[in-house]
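Here is a short report on strands, helices and a few single residues. Keep the structure in view while reading.

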Amino acid sequence: MLQIDKSQLNELKKALSSSKNIVITTHHNPDGDAIGSVLGLYHAFRAKGIDSRMVTPNGFPDFLGWLPDADKIMHYSRDKKGVEDLLSNADLLFCLDFNGFKRVEDMAEVLEKSPAKRVLIDHHPEPESPFHISISYTEVSSTAELVYEVIEQIYGESIINYESAVSLYTGIMTDTGSFSYACSRERTFAIAGKLIAKGVIVEDVQGLVYNNFSENRMRLLGFSLAERMKVYPEHRAACIWLSRNDLNTFKHQIGDTEGFVNYPLSIKGIVFSVLFTENEGFVKVSLRSRGNFPVNTFSKLYYQGGGHKNAAGGKAFMGMDEAVKQFEELIAKHSIELNS
């Protein structure tokens, strides 16, 4: 079991017992770990008789829409007034799977103004300081795993029902690539086993998440690998770049490019992969690596971002051609590290 600071757990328990308006939120463009963590905590609170509300800065991928009560999550991007009212009246705010307010983008100012006591539960390094209680552990596979630990150590494992279990399992499964990376701790598999014991059917969750894509998404993946992937074997690196026009051609929806950045890492010898996707006013940068090359440091240096050693994100405030050209210059500069 992860040894979470007992003083933090006691403080959290005290805050929960005295709070009446609890809100759970996560980062912009929420992924499986973010949504799984939010719903896992929500359902555990519900089983304990604690009311809470869920908010995300914007929408999430369709392949997560089947999770129990996912339709109850409010989106700031489509109901600003509703979310602002909710947060202005909140007295306890859970911030899951992000380490600083910049990760919620347009919703940051609303969080900063909220009078609520802020609780961070997250596995990203270098948490910032706008949180009153910061439960931050980087050794866990995912925030969903950490949420499980918090629930178990506060209220006991028995309050985790099926709805909470399937949400947390989905979070762990998606953040570890179906248990293929960032999960070499025995405890991760022990928790997965406990969640399965609650009734989670592994084959069903796999099918609902990974066999639930649209035809356009599959065609966009094929186009990306065939027409937009560049491989630099001399630097053991690769990138995929997708313009706004490319995304529009394949009727891109939120979440459609999730996982694309991992494909170049399947090429023999490639240890560093980057996905560039064009947004309004910037290029979104997703970075992945295998082994010791720290993409969080790389992103912090060049893309105003951060994350984990092998998975990070950032932004490039330039055109796509310039971003790809800059990337080629950077991997040449870091070629010795990439080849070591």
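Two strands count as paired if DSSP finds at least two bridges between them. That rule applies to this predicted model.

**Strands β4, β5 and β6**

Strand β4 covers residues 92-96 and runs parallel to β5, with five bridges joining the two. Leucine 93 stands opposite arginine 118 of β5. Between β4 and β5 the chain passes through helix α4, residues 108-113. This β-α-β crossover is right-handed.

Strand β5 spans residues 117-122 and is mostly covered, with five of its six residues buried. β5 also pairs with strand β6, residues 133-136. That pairing is parallel and has four bridges. Here aspartate 122 has serine 136 of β6 as its bridge partner.

**The six-stranded sheet**

An open sheet of six strands follows the order β7-β8-β9-β10-β12-β11. Its pairing is mixed. At the edges are β7 (229-232) and β11 (306-307), each of which pairs on one side only.

Strand β10 (residues 282-289) pairs with strand β12 (residues 311-316) in the antiparallel sense, over six bridges. Leucine 287 is bridged to alanine 312 in β12.

Helix α12, residues 320-333, packs on the sheet. It touches β7, β8, β9 (272-279), β10 and β12. The directions of α12 and β9 make about 160 degrees. Helix α9, residues 215-227, lies across β7 and β8 (237-242). α9 runs at about 130 degrees to β8.

**Helix α6**

How far does α6 reach from its first C-alpha to its last? The helix has 14 residues, 162-175, and reaches 20 Å, close to the 20 Å expected at 1.5 Å a residue.

Twelve of the 14 residues of α6 are buried, so the helix is largely enclosed by the rest of the structure. Among the buried residues are Ser164, Val166, Leu168, Tyr169, Ile172, Met173 and Asp175. The cover over the buried residues of α6 includes α2 (32-47), α5 (143-155), α7 (186-196) and α8 (202-210). Glycine 177 follows α6 and has a positive phi, near 60 degrees.

**Helices α1 and α5**

Helix α1, residues 6-18, packs against α5 with the axes 10 Å apart and an angle of about 75 degrees. The two helices are therefore roughly perpendicular to each other. On the α1 side, the contact is made by Leu9, Leu12, Lys13 and Leu16. On the α5 side, it is made by Val150, Gln153, Ile154 and Tyr155.

Glutamate 149 also lies in helix α5. Is glutamate 149 buried or exposed? Its relative accessible area is 0%, so it is buried, the cut-off being under 20%. Leaving out residues up to four places away in sequence, glutamate 149 touches Met1, Leu2, Ile4, Arg187 and Ile191.

**Positive phi outside glycine**

Asparagine 29 and lysine 251 have positive phi values although neither is a glycine. The table gives their settings.

| Residue | Phi | Loop | Relative accessibility |
|---|---|---|---|
| Asparagine 29 | near 50 degrees | between β1 (22-25) and α2 | 31%, partly exposed |
| Lysine 251 | about 50 degrees | between α10 (244-249) and β9 | 56%, exposed |

How values were computed
Residues numbered from 1 in each chain as written. Predicted model: local features only at pLDDT ≥ 70, side-chain atom pairs only at ≥ 80, totals over all residues. Heavy atoms only, no water. Buried < 20%, exposed > 50% of the residue type's maximum accessible area, 1.4 Å probe, protein only. Right-handed = clockwise from strand over helix to strand, strands pointing away. Contact = heavy atoms within 4.5 Å. Axes fitted to C-alpha atoms, helices over the stretch in contact; angles between N-to-C directions. Expected span 1.5 Å × (residues − 1). Parallel < 35°, antiparallel > 145°, perpendicular 65-115°, else oblique.
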